[in-house]
Amino acid sequence: MIDPRASGGVDEGSSDPGRVAARRARVAIEDALFAIPELVADLDREALRDRLLRAIQCAYVVLDTPLLALAHLDALHEGAAMVAECRALLAQAVGSGDSEPLRRAMARLDEAAGVLRHGGDSIAQVHLARRSEIHVGRRDERLPQARPFRASVGVPSLHAIERQPLLPHVLLDPVMVPAAAAAPPPTLPRPTTLEALKALAASFASGDLERRAAGGDQEGAGSAPGAAPPLAYEPAVEEVQVLRRLGRDCLEDIAGLRTLRKPNAIESWLDQAPFEQRLLDNLDAFVALGSSVFPLVSLFHAEARSPDPERAFAVALTLGCIEGSDTVGAAVMTLKQSPPEELPGWVEGFWLAPNPAIDVAMADLCVSPRPELVALALDVLHARGALSAEVILSALDRPEREIRVRAARALATVLPRREVIPLLEQILAESADDQLFLAAAEAILCRGNTPALSALRALVTEGAGPRSPRQEGALGLVCMAGRATDLDLLVAAANAQPSARLLRGLGRFGHVESLPALLAHLHHADAEIVAAAAEALERITGAGLRETVEEPWEVELPPEALDAPGALPIPMRRVERVVTDADQWLPWVAKHARRFDRRLKYRAGVPFTPLQIVAELEAPGTPPEARDDATLELALVTGLRFRFSPHDWVARQRRDLGELRARVDALDASPGAWCLGLANDPGSTAAGPFSPPRRVTPTPDRAPRPPSALRAPVAPVAPVAPVAPVAPVAPVAPVAPVAPAMVPEEPEDIEAEVRTAPIPVLPSGPVLPFEAAVQRDRGSDPGPGQRTATLQSGAVTGPPQAEAPVLGIPSGPVLPFRTPSPPPVPGQPLLPAVGAPPGAPPAAEDPATTLSLAQYASLCAELAVFPEAVEATFRRYGLESQQKRAAVDAVWKERLRCDPVQYRAWDEMYRHYHLYWASRRSPRERI
């Protein structure tokens, strides 16, 4: 008996030409098989089907046996013989006929026979060279052994049993004009007398009535007078028939539970666990019936009288829980015979099944000429996290819209970042399709590319009149990934053309100055817009204004059923929702608005952190559509790659959410910051340990994180005293920070405000006492001294925050402009150029004499925090010309590359200066 439970070519390659030939031949045989129904000739279709299925079975034998097994070579030869027989039968039946389906079938059969013969010859050469190692049984340890049955708990188990390779049910009936209707049965005269009624009863008892109705009135036919009609009892059936009846019951339950595992309006995602366990119990029961019921799966699908996604789901999931490449192949062959209305069921079933051979089968399906099958395969691979770079690049070359949309969406996680960004930018610039554009925009934002936000902002402001779907989608992405400066754009769009989607997006945007616009929309005539505005208000403020109301159930009935006389009224249900009454919201906002800071992003009344999105996904009361939005927002804000899906098994969601919470908690996120792509993209850079900076985020080792604000984001904020400046902490191991604008290698799509905006709890005393001469030289340009005076006067203050992080700000003078040697940072010496003795000043002709190491670090940090004021910043440091800027930058970059100690000194100062400038950010003062 052949064991068909191997992965089916997961690791095959050129070392085994037999497996390569079997995979190619199987695809060609399937194409020829599905071309036979299009032939109108008089064929022995059953004979052709049986031989072609036997050839496919031989291909599975090759895939599931080791190279040096006799069955490996015998299956190749037998498969080639079966294909040759089918070709001869087909040619004999059609004669000299010629049609496109016939040519296609013959060509695919010739290809399969040639591939199998070539593979057999190659394997024969291998067997001849290694004839002393040929064996009959299994010697390949990679082939899994039959395992004891293990019940599924929470997620489906992958069952492995000894069995024959599975073949699907294939229909090869020709598409023909319906035959003429049969003649109606003879009508019997109605008895009108008692004698006629007795004669009719006697005729029925003797069987004479049945013979006359069937047209057979032969002598001696039928039963003797007075005998009981034949088959008056149900005969005994074989055991396999009983098993198949039980198996069919299990399949029907699996199909029906596909809908029940999706939450309705009053259920939470956790309430689906019992339904899922019942589905898994039916799966286990079906597999426990044995291999005799496995062929019933594809037959169960073929019996449907109309497109049925539930049956497709049952086939994909059931066969995907039985180990082996043949089970997945049988499901794929059944898929190819399915109407397009069933594709969602196939996607869901293949995604949730545990068989690893599904990944290989879907990758093979990505080269199909049918675009709907390629789109399905990309959906399955994307959901399973099994997309490869080769599959995506080949999909991007396809012209079909549905394929390109899925390929663009997958670029959020596949391929290195440096290769992905140009591809997505090209799609954004050239695509005329709204869905493709939005998929590319979503993917490029997941990679942390902030210039894409500028393109989306420009798109939103284009044209007049009703917004297009592209503009509506762009507004939604700006709400999730935008900055505080996008407030005016979003509020103006909401006031001009309000929509429920945009108002809910404002809730995720989290700016407190959007509250007046949301309050105004509570008076809107559209109930959906009012509900969306109330949800946004609750999401930002966490006011807790709730009410219990009665509303009708969402029942899908045709209008004629609702208006029919005597129709029952739609039942009502009691639900809890956010208050939509403006008279209750206005007093609350007026009372509590003072505790919100317009510089921060808020969620549930406290400064926003990505952990709040994880808490929203974990909450039982989060609606399904809100969980979808939260999943996208988490990907945009954090830049993490994760497999979590709100439509996965409940048990797997719980596990993935636990892992997500730990990963998000480890991010360097400041409460209240507008974030985009916090996590580093491992494919974005290959920088060495002392290459130019690649990062603007201060490491969390330098400033303690506020654990309560991150771990309990919905807790009320307690006031604390302002934090006094402290000396810098000891340096840690170097990472790759960024010197923006001064370092040509710095990516243009990195902005410091997105990733490092700290809590604006600023010290009240003097921090950076700049020299007065520098301020006078700058004329009207507001220099650091003016901002220091503003801080000392208390004009710029932040709200009281809970457990605010300690900002590591130097306490001594750090920017003595145009001085030959600045005072050292406490605890960290400033080192001169490489090769100079300690304490010696740089050479006079060195361009770096324009700036010291501390000044260069401060300039890099200031340029990162204030990208809109580049020229003014350079003038303050005496770098008016491009030549001087380039010279200074080149010299210092070379020094930092060559001297690790000096690099660490620059790194330490850059971090502290960046924290300082970020805390003092005020774009109006810099321009």
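Let us start with glutamine 471, which counts as buried at 9% relative accessibility, because buried means under 20% relative accessible area. Please keep in mind that we are looking at a predicted model. Glutamine 471 is found in helix H20, which covers residues 469-481. What does glutamine 471 touch, once its neighbours within four places in sequence are left aside? The contacts are with Leu459, Val460, Glu462 and Pro466. For one of these, valine 460, there is also a backbone distance: its C-alpha atom is 5.3 Å from that of glutamine 471, and the two residues are eleven positions apart along the chain.

Let me now turn to the chain as a whole. The chain has 927 residues, and 50% of them are buried. Its secondary structure consists of 38 helices and four strands. If we take the contacts with a separation of 6 or more, 76% of them are between residues 24 or more positions apart. As for the outside, the accessible surface amounts to about 42,600 Å², and carbon and sulfur atoms account for 57% of that area.

Next, the interior. Which residues have the most contacts inside the largest nonpolar core? They are Phe350, Met362, Leu445 and Trp585, in a core of 135 residues. Helix H18, residues 434-446, supplies the largest share of this core, namely ten residues. Leucine 445 deserves a closer look. Not counting residues up to four places away in sequence, leucine 445 touches Ala452, Leu453, Leu456, Leu477, Ala481, Leu636 and Leu676. Another core lies apart from the one just described; it has 44 residues, including Ala21, Ile56, Cys58 and Leu90.

Nonpolar side chains also appear on the surface. Leu188, Leu194, Leu197 and Leu200 make a nonpolar patch of about 370 Å² there. One of them, leucine 197, belongs to helix H5, residues 194-206. Leucine 197 has a relative accessible area of 47%, so it is classed as partly exposed.

I come now to the charged side chains. The count of salt bridges is 45, and I have chosen three pairs to show you. The first pair I will discuss is glutamate 111 with arginine 108, whose closest N and O atoms are 2.5 Å apart. Both residues sit in helix H4, residues 100-129, and they are three residues apart, which is about one turn of the helix. Glutamate 111 is partly exposed, at 31% relative accessibility.

The next pair is aspartate 308 with arginine 311, where the closest N and O atoms are 3.2 Å apart. Aspartate 308 and arginine 311 are both buried.

For the last pair, arginine 508 and glutamate 633, the side chains meet in a salt bridge at 2.7 Å, N to O. Why can we say that this pair ties together parts of the chain that are 125 residues apart in sequence? Arginine 508 lies in helix H22, residues 500-509, whereas glutamate 633 lies in helix H28, residues 624-638, so the salt bridge links those two parts. Arginine 508 and glutamate 633 are both buried. Salt bridges can also share partners: Arg258, Arg261, Lys262, Glu276, Glu310 and Glu348 are joined in this way into one network.

Let us move to the backbone. Most residues other than glycine have a negative phi. Leucine 415, however, has a positive phi of about 75°, although it is not a glycine. Leucine 415 is placed in the loop between helix H16 (401-410) and helix H17 (417-430). Is leucine 415 buried or exposed? With 12% relative accessibility, leucine 415 counts as buried.

Alanine 604 also has a positive phi, of about 60°, without being a glycine. The loop that holds alanine 604 runs between strand S3 (602-603) and strand S4 (606-607). Alanine 604 is partly exposed, its relative accessible area being 29%.

Finally, a word on the cysteines. How many disulfides does the structure hold? The number is zero. Cysteine 250 has 9% relative accessibility and therefore counts as buried. Cysteine 860 is buried as well, with a relative accessible area of 0%.

Notes
Residues are numbered from 1 along each chain as its sequence is written. This is a predicted model: local features need pLDDT of at least 70, side-chain atom pairs count only at pLDDT 80 or more; totals for chains, interfaces and linings use all residues. Side-chain values use heavy atoms; hydrogens and water are left out. A disulfide is a pair of cysteine sulfur atoms within 2.5 Å. Buried means under 20% relative accessible area, exposed over 50%, partly exposed in between (1.4 Å probe, protein chains only). Contact means heavy atoms within 4.5 Å. Accessible areas come from the Shrake-Rupley method with a 1.4 Å probe; for residues, only the protein chains shown count as cover. Patches are made of residues with over 30% relative accessible area and no salt bridge: like charges are joined within 9 Å, nonpolar side chains (Val, Leu, Ile, Met, Phe, Trp, Tyr) within 5 Å. A salt bridge is a side-chain nitrogen of Lys or Arg within 4 Å of a carboxyl oxygen of Asp or Glu. A nonpolar core is a set of buried Ala, Val, Leu, Ile, Met, Phe, Trp, Tyr and Cys residues joined through side-chain atoms within 4.5 Å.
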